[in-house]
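Here is a small set of exercises to work through with the model open beside you. Try each task before you read its solution.

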Amino acid sequence: MNCKKCNLPDNYPNISFNNDGICNFCLQSSDNYHYKGLDALKADIEKVLSLSDSNRKYDCAVGVSGGRDSSYLLYYAKEVLKLNVLAVSMDHDFITPMARQNIKKITTELCVDLHYINNDILNKESRRCVRQWAKKPDAAMCLTFCTGCRYGINRLIPQYVQKLGIPLLLTGHVPIEAKMTYRVALLCDNNKINTSNKLYGYGKRLLRNPSYLRSIIGVFSSFLYKE
């Protein structure tokens, strides 16, 4: 059995379903996204584009990681929405050879330009984080390995796209993803997900391995880095 809304399987940790086949993660999510249809989406995009330079080279940028979400989003933007698209990806240490191959393949097949962004400071701190994790391995703290990807999506890619004068940035995102990650990895129980619980769960990990604090300071310093 799979959730009719998010498609999570019934063997996912701590999952349950209501009579309508909707999982407890979806029911507890505070994210209320209501898709209004393709026509409404195109109208919203046209409104944004109408306010930008008509001589622009790209209508939008799409953040790609080589995964299925961003790959489908790139296809959707190019083939369904008919936009002039630039694919943007982070060139960091956690990109696997397969992900790079996927990025190259999808951009080539769609005839989409691809730009990579590199941040040496972030890569340095990410490598340090891995070394600290190896001192006292903890499955929950594998979350820190996502730093490069999340930082790129939230900070570096928007900065880069803005610098190029591209009016629209699209990123693939599953609204409930972060909630499930915290529940399974940090809380490991059915507690309600809120700020205090997340801080408590993360704080316990820091007490077990205080050396993570060096990575936190280093990552914050990378936030100040600009290309």
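**Exercise 1. Find which exposed residues lie on the face of H4 turned away from its buried side.**

Step 1. That face of H4 carries Pro 97, Met 98, Gln 101, Lys 104, Lys 105, Thr 108 and Glu 109. Exposed means over 50% relative accessible area, buried under 20%, and partly exposed in between (1.4 Å probe, protein chains only). Helices (H or I, at least four residues) and strands (E, at least two) are DSSP runs, numbered from the N terminus.

Before going on, a word on the input: this is a predicted model, in which local features need pLDDT of at least 70 and side-chain atom pairs count only at pLDDT 80 or more, while totals for chains, interfaces and linings use all residues. Residues are numbered from 1 along each chain as its sequence is written, and side-chain values use heavy atoms, with hydrogens and water left out.

Step 2. Now turn to the buried residues of H4, which are Ala 99, Ile 103, Ile 106 and Thr 107. They sit on the same side of H4 because they cover an arc of only 95 degrees around the axis; the arc is that of the directions from the helix axis to the C-beta atoms.

Step 3. Look at what lies over them: the cover of these buried residues includes H3, E2 and E3. Contact here means heavy atoms within 4.5 Å.

**Exercise 2. Check the span of H4 against the value expected at 1.5 Å a residue.**

Step 1. The expected span is 1.5 Å times one less than the number of residues. For the 13 residues of H4 this gives 18 Å.

Step 2. The end C-alpha atoms of H4 are 18 Å apart, so the two values agree.

**Exercise 3. Locate two residues other than glycine with a positive phi.**

Step 1. Recall the background: most residues other than glycine have a negative phi.

Step 2. After H4 comes Cys 111, with phi near 55 degrees. Cys 111 belongs to the loop between helix H4 (97-109) and strand E3 (113-117), and it is exposed at 66% relative accessibility.

Step 3. Lys 82 has a phi near 60 degrees. Its place is the loop between helix H3 (68-80) and strand E2 (85-90), and with a relative accessible area of 60% Lys 82 is exposed.

**Exercise 4. How many salt bridges are there, and which residues form them?**

Step 1. Start from the rule: a side-chain nitrogen of Lys or Arg lies within 4 Å of a carboxyl oxygen of Asp or Glu. Side chains of opposite charge can pair when their charged atoms come close.

Step 2. The rule gives two salt bridges. Asp 91 pairs with Arg 100, with the closest N and O atoms 2.7 Å apart; Asp 91 is partly exposed at 25%, and Arg 100 is partly exposed at 31%.

Step 3. Arg 56 pairs with Asp 59 at 2.8 Å between the closest N and O atoms. Arg 56 is partly exposed at 23%, whereas Asp 59 is buried at 9%.

**Exercise 5. Describe the surroundings of Arg 56.**

Step 1. Arg 56 lies in the loop between helix H2 (38-50) and strand E1 (60-63).

Step 2. Leaving out residues up to four places away in sequence, Arg 56 touches Leu 49 and Pro 167. Arg 56 and Pro 167 are 111 residues apart in sequence, yet 8.9 Å apart in space from C-alpha to C-alpha.

Step 3. The side chain of Arg 56 reaches the backbone oxygen of Leu 49 at 3.4 Å.

Conventions:
A polar contact is a pair of N or O atoms within 3.5 Å; within protein, one must be able to donate a hydrogen and the other to accept it, and residues adjacent in sequence count only if both atoms are side-chain atoms.
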